[in-house]
Amino acid sequence: MRLDRFDNSDFARGASRVKEFCWLLVRSILFAPWFPVPSFLKVSALRFFGAKVGEGVVIRSRVNITFPWRLTIGDHVWIGEEVMILSLAHVTISSHVCISQRAFLCTGSHKFRSENFDLMTKPITIGQGCWIAANAFIGPGVTLAKGTVCAAGSVVLKSAGPNQLLAGNPASVRV
């Protein structure tokens, strides 16, 4: 690969640089601290910046959300400490979903076989009643159907469900 040829100037960030800068400030104040900041403040900030967020959402400390204007969260969702949501494409989290500590929802990657290391983005959809356990990785383009469980440390690169247990690297269906 030739990183000197990397060019993502065609990537649409979805908001102005001013809005993105303001989000970075708010994120550093409300989301980055190690100490607990009330979830209603975080939810209000997400809504202000364009996220669609339901009722009863709990967001713990040090959650990192890249672009809230590309985020939809249903009702009664729990997001654990140090969760990373790289929302270069849209992320949809349905109701009654638990995303445990240090899980990573990643909508972007690179075409590593391309000499230019081109950026690629694909949305992620998490169905109702799913549980993404600690340190799980959910890759670009993945849809988890209703009731799917991703075991701790799983690397989920393909869509799955409903009501399946995924575990391993790469994740596979377990009985």
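Visitor: In strand 19, which residue is the bridge partner of Ala-167?
Guide: This is a predicted model. Strand 18 covers residues 165-168 and strand 19 covers residues 171-174. The two run antiparallel, joined by four bridges. In strand 19, Ala-167 has as its bridge partner Ser-172.

Visitor: How many residues lie between strand 18 and strand 19?
Guide: The two strands form a hairpin. Strand 18 ends at residue 168, and strand 19 begins at residue 171. The number of residues between them is two.

Visitor: Which strands stand at the edges of the open sheet of seven strands?
Guide: The order of this sheet is 2-5-8-13-16-18-19, and its pairing is mixed. An edge strand here has a single partner strand, so one of its sides is left without a neighbour in the sheet. The edges are strand 2 (58-59) and strand 19.

Visitor: Which residue in strand 5 stands opposite Val-58?
Guide: Strand 2 pairs with strand 5, residues 78-79. The pairing is parallel and runs over two bridges. Opposite Val-58, in strand 5, stands Trp-78.

Visitor: What is the order of the open sheet of five strands, and which strands are its edges?
Guide: This sheet has parallel pairing, in the order 3-6-9-14-17. Each edge strand has a single partner strand, so one side has no neighbour in the sheet. The edges are strand 3 (64-65) and strand 17 (155-156).

Visitor: Which residue in strand 17 does Ile-138 stand opposite?
Guide: Strand 14 spans residues 137-138. Two bridges join strand 14 to strand 17, and the two run parallel. In strand 17, the residue opposite Ile-138 is Val-156.

Visitor: Is Pro-68 buried or exposed?
Guide: Pro-68 sits in the loop between strand 3 and strand 4 (71-73). Beyond four places in sequence, Pro-68 touches Trp-23, Leu-46, Phe-49, Gly-50 and Ala-51. The cut-off for a buried residue is under 20% relative accessible area. Pro-68 has 0%, so Pro-68 is buried.

Visitor: How far apart in space are Pro-68 and Val-53, C-alpha to C-alpha?
Guide: In sequence, Pro-68 and Val-53 are 15 residues apart. In space, C-alpha to C-alpha, the distance is 10.0 Å.

Visitor: What is the relative accessibility of Ile-73?
Guide: Ile-73 is in strand 4. Leaving aside neighbours within four places in sequence, its contacts include Leu-46, Val-53, Val-57, Ile-79 and Ile-93. Ile-73 counts as buried, with a relative accessibility of 2%.

Visitor: How far apart in space are Ile-73 and Asp-118?
Guide: Ile-73 and Asp-118 are 45 residues apart in sequence. C-alpha to C-alpha, they are separated in space by 29 Å.

Visitor: What is the radius of gyration of the chain?
Guide: The chain has two helices and 19 strands. Its C-alpha atoms fill a box of roughly 45 × 40 × 25 Å along the principal axes. The globule rule gives 16 Å for 175 residues. The chain is close to that value, so it is as compact as a globular protein of that length, with a radius of gyration of 16 Å.

Visitor: What share of the exposed area do carbon and sulfur atoms supply?
Guide: Buried residues make up 42% of the 175 residues. The chain exposes about 9,200 Å². Of this area, carbon and sulfur atoms supply 58%.

Visitor: How far apart are the mean positions of the positive and negative charges?
Guide: The chain has 19 positive and 10 negative charges. Their mean positions are separated by 5 Å.

Technical notes
Residues are numbered from 1 along each chain as its sequence is written. This is a predicted model: local features need pLDDT of at least 70, side-chain atom pairs count only at pLDDT 80 or more; totals for chains, interfaces and linings use all residues. Side-chain values use heavy atoms; hydrogens and water are left out. Two strands pair if DSSP finds at least two bridges between them. The radius of gyration is taken over C-alpha atoms; the globule rule is 2.2 Å times the number of residues to the power 0.38. Buried means under 20% relative accessible area, exposed over 50%, partly exposed in between (1.4 Å probe, protein chains only). Accessible areas come from the Shrake-Rupley method with a 1.4 Å probe; for residues, only the protein chains shown count as cover. Lys and Arg count as positive and Asp and Glu as negative; His and the chain ends are not counted. The place of a charge is taken as NZ of Lys, CZ of Arg, CG of Asp or CD of Glu. Contact means heavy atoms within 4.5 Å.
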